[in-house]
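Biologist: Please take a close look at a single part for me: the side of chain B that touches chain C, and then the side of chain B that touches chain A. I want the areas, the charged pairs and the elements involved.

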Amino acid sequence: MNRIIRKLLNNTASLIGLLLLLVFILIAVFAPYLAPPLFPDPYQIPRMSWDVEPQPPGFPMSDDMRFVYESLGKPITRDKAIFGTAQGGYDIFYGLIWGTRTAFRIGIITVTLSMLIGVILGSLSAYFGGWLDELLMRITDIFLSIPFLVAAMVLTTILGRGLDKVMIALVAFGWMGYARVIRGSILSTKEEVYVMAAKALGVKDFRIIAFHLLPNTIFPVLVQASMNIGSMVVTAAALSFLGVGAPLGYADWGQMVSFARNWIIGSPGKAGEYWYAVFFPGIFIVLFVLSWNLVGDTLRDILDPRLRGEL
Amino acid sequence: MNNSLISIKNLVKYFPIKKGVFRSTVGWIKAVDKISFDIYNGETLGLVGESGCGKSTTALTILRLEEPTSGEIFFQGENISSINKKQMRKYRKDLQIIFQDPYSSLDPRMKIKNIIAEGLAAHNLLDSRTRVQKVGELLERVGIPPDYMDRFPHEFSGGQRQRIGIARALALNPKMIICDEAVSALDVSIRSQIINLFKELQSEFNLTYLFIAHDLSVIKYISDRVAVMYLGKIVEIAPKDIFFKNTLHPYAIALVSAVPVPNPDFKRKRILLPGDVPSPANPPKGCRFHPRCQKVMEICSQVEPELKKLDKDHYVSCHLY
Amino acid sequence: MENKNRDKVLEVKNLKTYFFTEDGIVKAVDGVDFEVYQGETLGLVGESGCGKSVTAFSILKLLDYPGKTVEGQILFKEDDLLKKSEEQMRKIRGKEIAMIFQEPMTSLNPVFTIGFQIAESLKVHYKMSNLEARKKVIELLEKVGIPIPEQRVDEYPHQLSGGMRQRAMIAMALACDPVLLIADEPTTSLDVTIQAQILELMKTLLKQFNSSLIMITHDLGVIAEIADRIAVMYAGKIVEYTDTRSIFFSPLHPYTFGLLTSIPRLDMEMEKLESIPGVVPDPLHFPEGCKFHPRCGFATERCRKEEPSLLEIENGHIVRCWQVDRVREEAKKIAFTRRLAVVE
Ligand SMILES: Nc1ncnc2c1ncn2[C@@H]1O[C@H](COP(=O)(O)OP(=O)(O)OP(=O)(O)O)[C@@H](O)[C@H]1O
Ligand SMILES: Nc1ncnc2c1ncn2[C@@H]1O[C@H](COP(=O)(O)OP(=O)(O)OP(=O)(O)O)[C@@H](O)[C@H]1O
Ligand code: SF4
Ligand code: SF4
Ligand SMILES: [Mg+2]
Ligand SMILES: [Mg+2]
């Protein structure tokens with residue numbers, strides 16, 4: 001065990017991944033200190049001005065905005081938008097900090113739920129085989145044949161706007177990969193002699209799945225899951241970008257990017273004038289995805305069969 | 001019949017051969033094809049035969065780990081070949097199995113304590129404290145220090161793992177243990193330790209063994225009776241002494257003569273069989289051994305010989321007798 | 001011994017091959033000496049992990065990192081193979097020294113026909129044309145007892161049974177009339193009746209080709225049948241080395257003695273099997289002194305401290321043990337009953 005930890009620390013890529021993830025966790029945990037909320041709902045991004053146009057980093061809070069807050073009796077905790085403001089005067093920095101929590105929530109909840117569904121269906125399918133397997137796998141195929149983004153969009157359109165709806169859509173169309181992976185490995189693992197031995201002892205089917213099959217097959221799924229956390233967040237962001245995600249002003253990275261939609265090119269003669277509106281949200285998303293991928297790689301290395309014996 | 005623990009009547013196990021996109025069945029592997037024999041209380045029945053002749057399938061079908069295609073299996077006079085899964089669980093305590101590969105037969109992610117206690121847990125026997133105590137006793141009995149019970153299988157050598165497998169089988173106080181090539185994968189010096197352990201346990205716990213092996217020397221040492229299988233059929237079955245003194249079936253004779261003997265002065269006439277074992281999907285007509293048999297006669301390719309009783313307890317399936 | 005007048009084909013002197021692993025140095029072969037004479041079969045026996053395969057790979061210099069031969073000489077026709085370049089070794093492998101592996105399926109390439117694979121070395125070493133090589137291959141396949149060789153030559157390994165594949169491997173090894181054959185457990189994965197076929201075949205071919213053979217196996221029955229002399233290995237070292245009859249009738253090393261009394265056998269009745277207690281030591285943590293001492297019934301204080309060296313005890317009977325005399329007394333009793341069994 002110690003050797004594995006030592007190995008990981010020697011590996012720059014996994015070290016970077018773990019550090020990045022740690023930074024994001026710290027941001028999420030200390031969000032109230034990094035960006036103290038102004039509203040009872042901390043996910044509501046405060047606006048720094050009424051400007052439609054994004055404003056550059058360091059932009060101070062406009063006087064009329066200050067007046068609004070003061071008249072509402074809100075203490076002004078920060079009077080500069082250090083990453084600039086997005087369309088509509090929303091503070092990019094604030095949105096990103098609190099958006100980190102949103103990202104973790106989306107990633108972890110959707111991945112956990114879809115993994116759970118996938119693992120249950122996949123293991124039942126593989127273990128019992130026969131018509132059940134046939135049925136479940138056909139259903140999986142049908143779900144897989146629908147393009148993910150389109151399906152998720154249609155579903156969110158039907159269910160309505162909102163993060164929870166986005167998550168439902170992500171789960172509904174995100175479990176198939178797990179089902180396939182777990183089914184494949186259970187199909188081979190259930191031929192192992194120790195499974196036969198358990199049956200010979202009279203161990204019940206569900207106990208065999210829970211105590212023998214899953215512990216020996218779940219790890220590739222966990223690797224896949226950890227890598228998917230990043231991509232789930234990207235998809236959620238894409239849905240927000242397309243306008244079916246979080247409600248207006250909600251601290252969500254996708255929303256931050258979608259605010260930049262009309263400003264990406266810049267104004268005539270000043271290409272890239274509003275770079276900050278895309279750059280900061282973009283870099284958060286990229287680093288978040290990268291950190292989970294590196295962590296996933298690390299997990300895979302740990303679970304590499306060549307290292308197995310030492311676990 | 002009166003003192004048989006297990007009695008098998010016309011047991012058949014075919015595996016379907018599936019082909020094509022629709023996985024339609026295009027044929028059958030006749031792994032076990034109408035075999036009948038008894039295993040007497042307290043004895044060791046040795047089952048030999050070459051790879052693929054159906055030894056493991058016979059074992060697994062007796063335990064209902066494979067469903068028999070047809071035929072009957074009686075355990076202490078009760079037909080267990082068609083009872084349902086739940087009813088079968090009751091008999092699992094009495095019928096245990098030890099496998100060949102000491103590496104794949106133990107779950108790599110389980111502590112050996114839990115591996116050995118698994119049967120007890122499955123049948124809700126003993127409370128958890130007495131279970132641990134029992135595991136300790138079992139480990140001690142099979143020659144592994146009880147304080148190793150919190151270790152994982154990979155921390156043990158092949159021979160030790162096989163001992164753990166034995167302890168697992170013993171935990172439920174079975175009446176019979178099927179040893180499917182249980183010593184075949186072990187090194188010479190370890191193999192004799194395990195064989196001796198089997199012998200000791202037999203008298204201590206009054207066990208009945210079905211001892212499957214491809215090594216006739218091991219069979220000769222451990223068995224009371226010997227059964228020889230060829231392509232899904234039992235071709236000869238006899239008490240050990242009679243079998244080795246008076247081997248009758250031409251295949252069994254060739255098998256005995258092929259065993260290398262660790263004695264450079266041991267001279268004998270070796271019968272070399274031509275060709276390979278045919279596929280069980282498409283066994284030869286008549287006597288399944290006839291394409292390789294030196295004594296083949298006209299009738300052999302036409303009529304399948306029955307397993308005939310020659311002497312007291314000596315059965316042969318060959319037209320010569 | 002009569003061998004002294006014959007030509008020495010191979011002489012291995014103080015061969016040491018270690019594996020430099022992360023956990024430490026595995027001394028897989030730790031000072032092995034033996035020689036092989038023209039036309040004879042030397043048996044190399046021992047339990048799993050004692051270094052038999054590594055010895056074979058070292059002779060052909062087929063070891064990869066982390067394995068390395070750190071010391072010793074391998075004199076083949078009086079030339080040290082360890083001093084040869086990879087280029088020179090390639091000319092020796094397959095032509096002068098050929099190897100037969102345990103698993104015929106993995107040592108044959110599944111994507112080429114067996115004819116192509118056997119012809120390859122003929123083309124490389126003898127610069128034969130395709131047609132010549134094919135003719136020779138068919139001849140070889142016939143020699144190793146493969147029926148309808150004209151047809152089999154164009155088949156792929158998976159189309160052959162295990163026994164046929166092993167025959168094809170033997171044909172491949174014999175293609176260039178090697179001076180020395182090394183067979184690493186060539187019959188272990190085969191059924192007894194097929195094993196008997198292959199052993200008979202090997203015996204006939206060896207006589208015909210007058211090649212020498214190093215036969216590696218853990219099966220004492222196989223070795224009794226085919227070997228002229230035997231080296232017994234334990235934990236990377238040879239512990240006993242002499243002619244086959246002496247090994248079986250008057251073993252002088254406790255390990256050999258223990259092995260012989262612990263195998264069930266067809267040629268005699270046995271009341272009880274003896275067994276060697278304990279397990280083969282972990283190669284990373286070999287015991288001090290004689291490596292066999294924790295399992296040895298003859299062990300004394302001296303054995304625990306000092307490692308014995310290989311000594312010629314009787315004419316040509318070489319043993320690594322401090323207690324040879326006591327073992328000899330014990331063995332006499334056993335050997336007596338054994339001879340009786342033979343007479344019967
Ligand atoms: N689950 C299965 N599906 C299809 N065929 C099977 C299955 N199990 C066994 N067979 C086939 O049935 C035949 C008998 O196999 P079995 O494992 O009983 O042989 P065996 O005598 O135990 O051989 P070995 O000595 O190699 O263990 C073989 O041809 C095998 O390929
Ligand atoms: N690539 C390797 N890395 C580290 N150790 C190795 C390697 N290959 C072999 N060894 C070690 O070398 C020792 C001798 O191995 P070898 O394969 O020669 O045994 P063997 O006598 O041929 O056994 P078997 O009968 O199992 O084939 C073993 O302890 C093994 O663990
Ligand atoms: S029945 Fe005929 S072919 Fe079969 S074993 Fe007897 S003699 Fe041989
Ligand atoms: S030297 Fe001692 S311990 Fe080693 S084999 Fe001889 S008697 Fe046994
Ligand atoms: Mg089997
Ligand atoms: Mg080897």
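Modeller: What follows takes the two sides of chain B in turn.

This is a predicted model, in which local features need pLDDT of at least 70 and side-chain atom pairs count only at pLDDT 80 or more, while totals for chains, interfaces and linings use all residues. Residues are numbered from 1 along each chain as its sequence is written, chains are lettered from A and ligands numbered from 1 in the order written, and side-chain values use heavy atoms, with hydrogens and water left out.

Start with chain C. Here 37 residues of chain B touch 45 residues of chain C (contact means heavy atoms within 4.5 Å). Together the two chains bury about 3600 Å² (the accessible area, with a 1.4 Å probe, that two parts lose on being put together, summed over both). Carbon and sulfur atoms account for 59% of that area. On the chain B side, the residues that lose the most area to chain C are Val188(B), Tyr221(B) and Pro262(B). Those three together make up 17% of what that side buries.

Now the charges. Four salt bridges link chain B and chain C (a side-chain nitrogen of Lys or Arg within 4 Å of a carboxyl oxygen of Asp or Glu). One of these joins Arg268(B) to Glu225(C), with N to O at 3.7 Å. Polar contacts between the two chains come to 18 residue pairs, both residues at pLDDT 80 or more (N or O atoms within 3.5 Å, one able to donate a hydrogen and the other to accept it; residues adjacent in sequence count only if both atoms are side-chain atoms).

Which elements carry this side? Helix H6 (188-205), helix H7 (216-222) and helix H9 (250-258) of chain B each give two or more residues (helices are DSSP runs of H or I, at least four residues, and strands are runs of E, at least two, numbered from the N terminus). H6(B) gives the most, with seven residues. By class, this side of chain B has 19 nonpolar, ten polar and eight charged residues (Ala, Val, Leu, Ile, Met, Phe, Trp, Tyr, Cys and Pro count as nonpolar, Asp, Glu, Lys and Arg as charged, and the others, Gly among them, as polar).

Turn to chain A. This contact takes 24 residues from chain B and 22 from chain A. The area buried between them is about 2000 Å², with 58% from carbon and sulfur atoms. In chain B, the residues that lose the most area to chain A are Asp107(B), Arg109(B) and Glu118(B). Their combined part is 30% of what that side buries.

The count of salt bridges between chain B and chain A is one. The side chains of Lys85(B) and Asp205(A) meet in a salt bridge, 2.9 Å from N to O. Ten residue pairs are in polar contact between chain B and chain A, both residues at pLDDT 80 or more.

Helix H2 (85-92), strand S6 (95-98) and helix H3 (112-122) of chain B each supply at least two residues of the side that touches chain A. The largest share comes from H3(B), with four residues. By class, this side of chain B divides into eleven nonpolar, six polar and seven charged residues.
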